[in-house]
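Ready for a few short exercises on side-chain contacts? Try each task with the structure in view, then read the solution step by step.

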Amino acid sequence: MDSIGNFVSNLAHRVQDVFTGEDHDQHVKNLDVHGNQRDDDDEDGIKTLLEQQEEVEDAAIEAAKQEYANIKPSSQFKAGPVLRYQDINVDQRRWVGSALIVTDRRDPPRLAIRDPTKAQVGYSRARLLDSWEGNHFYRYDIQLTLLNHREKNITYWFETENGHRVQNPQTWNFFVPALDEAHNWAFYSCNGFTSDVEDPETNFHGANPLWDDLLTAHDAKPFHTMIGGGDQIYNDDVLATPEMVEWLALAEEDRATTEFDGQKRYAVEKYYFDHYVQHFTTGSYSQALSLIPSVNSWDDHDILDGYGSYPPKYQLCEVMQGIGAAASRFYLLFQQHANRQTTRQAGLSTSSTGKGWNCITHFGKRTLVVLPDTRSERTKELILSEETYKLLDEQIRRNILPTTRHLVVVLGTPLVYPALTLFEDSLEAMGDSLSRQSVVGKIFGKCKAFENVLGQFGPELLDDLVDSWACKVHTEEKRKFVELLQAISQQYGVRTTFVGGDVHVGGAGRLFGKDNTDRLRDPFHMTQIVSSAIVNGPPPGAVISALHKSAKTYPLNDFTSEEMTEIFHQDVNGEELEHKMLLNRRNWCEVRELSGLELEFTLRVENEDHSGTRKYPILVDRLEVAAREY
């Protein structure tokens, strides 16, 4: 089968090279060990770091409190630097990542990288990804060797500032893990406010409190990676641009047939570019982007609220598809350091449907992280295509190492979550009437967003209800996905865990074998971590009450059940809680690997005064098995 697969892949690349004008044989020679395209201009600088021997076997690197007043986006760029983590090649002890800048200069500076265990500074040259209206996106590839038992504190800076060498350039730093030690990471989602949140500065002290808390945790024990689980940016106001307001005001049939002309395209692209630049250069979030390498997936707000779940007449119309194309262009650039031609080199994979950018990456030797793109192929009835499930199955199996103990699957919305079937049926029955809008407003506090953004469409509103895995239309797809992962857990002896955001609450759930009473040896026991939002406001208490009433034990298939679990016995102020499964306060998740190879997921929930967090730990044991197959 491998030879057939290689032949098909080789043929596909030859066809692609015919259209791109590349010489196929040279194209193959330029691929690195991961099948990614090399950039010869970067070889000298990268090799400087890769080929030098460590001057010390162990570098005693200790975390120190950052001077955050001095850590800010570079003044010579429109945006950046932004760090991205791609993968670790365990066999070669190689860390692979990148940095991104956006600038109006055509002569970007070299990136200088200091590894404290090497005698010489390494350099990476800028690689142009794309340009928009005189603004250029440059990617710097970074590759580093890892020590076995000690993390490294890597310092980086730009060789020149505004074309001139300076004596004391602005510097940044990040930490890379030791190969044989823990890979520490953070998870966040919903990194912005929706229009229904009133006076965010007064009511929530703005967007910084939980990012400040994350950076404080990073000071105490550095994170090697942070995962953005979707909605890293809220782009809903793309529909508030004058060109889109004019389009929304058209009659229903006219909206569906309107051309996405040059004027509309420019307005939409300008919105995405400007909003990304503003968002990535503001507040504590911009500091985190330059200090902790990111791994990202996306969800609807990275495009616009509800994208993918609109009725086909609107979802497939030219204007909506044009909006999606513009959103994906800037998502790839800002969040994945890629363009449509370089996604493979950036470690992203697409199935034969040609849609979506899925990511599978190693967080060290023992954890494999999978981020399916659950937005690009989405329709009202579908989350992922059969072709993408096949691709994920093959790639997960190919990337599991003999040392892998945990498989973490990051999904935009939680896979295990209360099923609000009653409300879902009510919304379907009401169609697009005002009574339906009223129900949405009362139950979910979303009436304002519904009126301002989505009311003129009348799509199925709210990700945590109609757009989620808990929606009954996705029940069969959810079952098949879980059974795919159950087969992998059984065969390879790995513990599968789901992590998801979107719903603006913290919580946990689980899948488990109906006939297995030993959790440690149950391959069907899979924990669901729910962490959301790091910025957006939580839903009202009525939603939490409704969710708890629906939080029963449900059968997934003949041998598996699912349920939410009680982890919140006390509120952040110490008061006893009536509802113990879900807590409607802002939060993010800290993830540490323990000495027994467990993963400890700690929900850090915001205090009432918006200063600091209270910790709620959830322990995920490794799967105890007698034998492992490969």
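**Exercise 1.** In this predicted model, is Glu159 buried or exposed, and with which residue does Glu159 form a salt bridge?

*Solution.* Start with accessibility: Glu159 has a relative accessible area of 16%. Buried means under 20%, so Glu159 is buried. Next, look for the partner: Glu159 forms a salt bridge with Arg165, and the closest N and O atoms are 3.2 Å apart. Finally, check that partner: Arg165 has 65% relative accessibility and counts as exposed. As a general reminder, side chains of opposite charge can pair when their charged atoms come close.

**Exercise 2.** Work out which parts of the chain the salt bridge between Lys365 and Asp180 ties together.

*Solution.* First, the contact: the side chains of Lys365 and Asp180 meet at 2.6 Å, N to O. Second, the places: Lys365 lies in the loop between strand E13 (358-362) and strand E14 (367-371), while Asp180 lies in the loop between strand E8 (171-176) and strand E9 (185-188), so the pair ties together parts that are 185 residues apart in sequence. Third, accessibility: Lys365 is partly exposed at 22%, and Asp180 is partly exposed at 23%.

**Exercise 3.** Find where Arg479 and Glu476 lie, and how many residues apart they are.

*Solution.* Begin with the salt bridge that joins Arg479 and Glu476, with the closest N and O atoms 2.2 Å apart. Then place the two residues: both are in helix H17 (residues 475-492), three residues apart, which is about one turn of the helix. Glu476 is partly exposed, at 41% relative accessible area. Elsewhere, salt bridges with shared partners link Asp213, Glu590, Arg592 and Arg604 into one network. The count for the structure comes to 29 salt bridges.

**Exercise 4.** Decide whether the rings of Trp185 and Phe363 are stacked or edge-to-face.

*Solution.* A search of the whole structure finds 35 aromatic pairs. For Trp185 and Phe363, the ring centres are 5.5 Å apart and the planes meet at 80 degrees. An angle over 60 degrees counts as edge-to-face, so this pair is edge-to-face. Now locate the rings: Trp185 is in strand E9 and Phe363 in the loop between E13 and E14, so the pair ties together parts 178 residues apart in sequence. Both residues, Trp185 and Phe363, are buried. They also belong to one aromatic cluster, whose members include Phe77, Tyr85 and Phe601.

Methods
Residues are numbered from 1 along each chain as its sequence is written. This is a predicted model: local features need pLDDT of at least 70, side-chain atom pairs count only at pLDDT 80 or more; totals for chains, interfaces and linings use all residues. Side-chain values use heavy atoms; hydrogens and water are left out. A salt bridge is a side-chain nitrogen of Lys or Arg within 4 Å of a carboxyl oxygen of Asp or Glu. Buried means under 20% relative accessible area, exposed over 50%, partly exposed in between (1.4 Å probe, protein chains only). Helices (H or I, at least four residues) and strands (E, at least two) are DSSP runs, numbered from the N terminus. Rings of Phe, Tyr and Trp (its six-membered ring) pair if their centres lie within 6.5 Å; planes under 30 degrees apart count as stacked, over 60 as edge-to-face and the rest as tilted.
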